[in-house]
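Hi,

Here is the structure I promised to pass on. Have a look at it first, and then read my notes below.

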Amino acid sequence: KAEPLYPPLYHPEKYHIGERGDYILSVSRLEADKRVDVLVKAIALCPKKIRAKIVGVGNQQLELEKMAEDFGVADRIEFLGGVSDEELYNLYACCFAVFFAPWDEDYGYITIEAFQSKKPVITSSQSGGVLEFVEDGANGFVTDGSPEQAAEAIQKLYKDKKLSARFGEAGFKKVQSI
């Protein structure tokens, strides 16, 4: 039996809380195994006031942008590409939640960044190492990986600011020992 050693955040003091916005944030390479397509499809199932900001580049970018157009949500999803560290800290600070539901991730650094910013995480039961940190109904939601369950979780956190704040605080406490 071994104790896992988790890589710490660079500059944890730079993560902060800002004014809660109307968007869910995704930070990831835009590749199939990161399953950003689930977020695009989920946004299509959410009320029009809910938006998404997607940070990252990769082979799936054009496909995801076309999917957003096809699902009629291109005006509600911003593909930001690569951003500076300062921009990323501010994006985390002002989102209402973070979507990170990759396929069998080994660690899930995005989860640690989200929790350091006191934001809940929506993930999937197939997300591997992310599940070492995200506890369903305590600091985020663990879905079955479908756009329908992701949309349901997104709407709960968007509508209930107190729930989002409580989950974010629990996530923050969870990663303070790293």
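Before we get to the first spot, one cut-off: a polar contact here is a pair of N or O atoms within 3.5 Å, and within protein one of them must be able to donate a hydrogen and the other to accept it. Please also keep in mind that this is a predicted model.

With that in hand, go to serine 146, in the loop that runs between β6 (140-143) and α5 (147-159). Its side chain makes a polar contact of 2.7 Å with the side chain of aspartate 144. A polar atom of the serine 146 side chain also lies 3.1 Å from the backbone nitrogen of glutamine 149. Is serine 146 buried or exposed? Buried means under 20% relative accessible area, and serine 146 comes out at 16%, so it counts as buried.

Next, the inside of the protein. As a general rule, in soluble globular proteins nonpolar side chains tend to be buried together. Here the largest nonpolar core has 31 residues, and the members that touch the most others in it are Ile24 and Ile154. Two or more residues of this core come from each of α1 (36-44), β2 (51-55), α2 (61-70), β4 (97-99), α5 and α6 (161-174). There is also a second, separate core with 23 residues, Leu88, Ile110, Phe115 and Val130 among them.

If you click on isoleucine 24, you'll find a long list of partners even with residues up to four places away in sequence left out, including Leu39, Ile43, Ala52, Phe96, Val98, Phe99, Ile122 and Ile154. Arg51 and Lys53 are on that list too.

Now for a pair of helices. Two packed helices are described by the angle between their axes and the distance between the axes. For α1 and α5, the angle is about 65° and the axes are 8 Å apart. Their crossing is right-handed. On the α1 side the contact is made by Val38, Leu39, Lys41 and Ala42, and on the α5 side by Pro147, Ala150, Ala151 and Ile154. Sorted by class, that gives 7 nonpolar residues, 1 charged and no polar ones.

While you are on α5, find glutamate 152, which sits in that helix. At 45% relative accessibility, glutamate 152 counts as partly exposed. Its C-alpha atom is 10 Å from that of isoleucine 43, although the two are 109 residues apart along the chain.

Two residues have a backbone angle worth a look. Most residues other than glycine have a negative phi. Arginine 35 isn't a glycine, yet its phi is positive, at about 55°. You'll find arginine 35 in the loop between β1 (23-27) and α1, and it is buried, with a relative accessible area of 14%. The other is aspartate 104, again not a glycine, with a positive phi of about 50°. Aspartate 104 is in the loop between β4 and α4 (109-116), and at 54% relative accessibility it counts as exposed.

One last stop: leucine 80, in strand β3 (residues 77-81). Which residues does leucine 80 contact, leaving aside neighbours within four places in sequence? They are Lys53, Ile54, Val55 and Leu91. The C-alpha atoms of leucine 80 and glycine 56 are separated by 7.0 Å, with their positions 24 residues apart along the chain counted as the spacing. Leucine 80 counts as partly exposed, at 29% relative accessibility.

Cheers

Terms used: Residues numbered from 1 in each chain as written. Predicted model: local features only at pLDDT ≥ 70, side-chain atom pairs only at ≥ 80, totals over all residues. Heavy atoms only, no water. Helix = DSSP H or I, 4+ residues; strand = E, 2+ residues; numbered from the N terminus. Buried < 20%, exposed > 50% of the residue type's maximum accessible area, 1.4 Å probe, protein only. Core = buried A, V, L, I, M, F, W, Y, C linked by side-chain atoms within 4.5 Å. Contact = heavy atoms within 4.5 Å. Axes fitted to C-alpha atoms, helices over the stretch in contact; angles between N-to-C directions. Left-handed = near helix turned anticlockwise from the far one by under 90°. Nonpolar A, V, L, I, M, F, W, Y, C, P; charged D, E, K, R; others polar.
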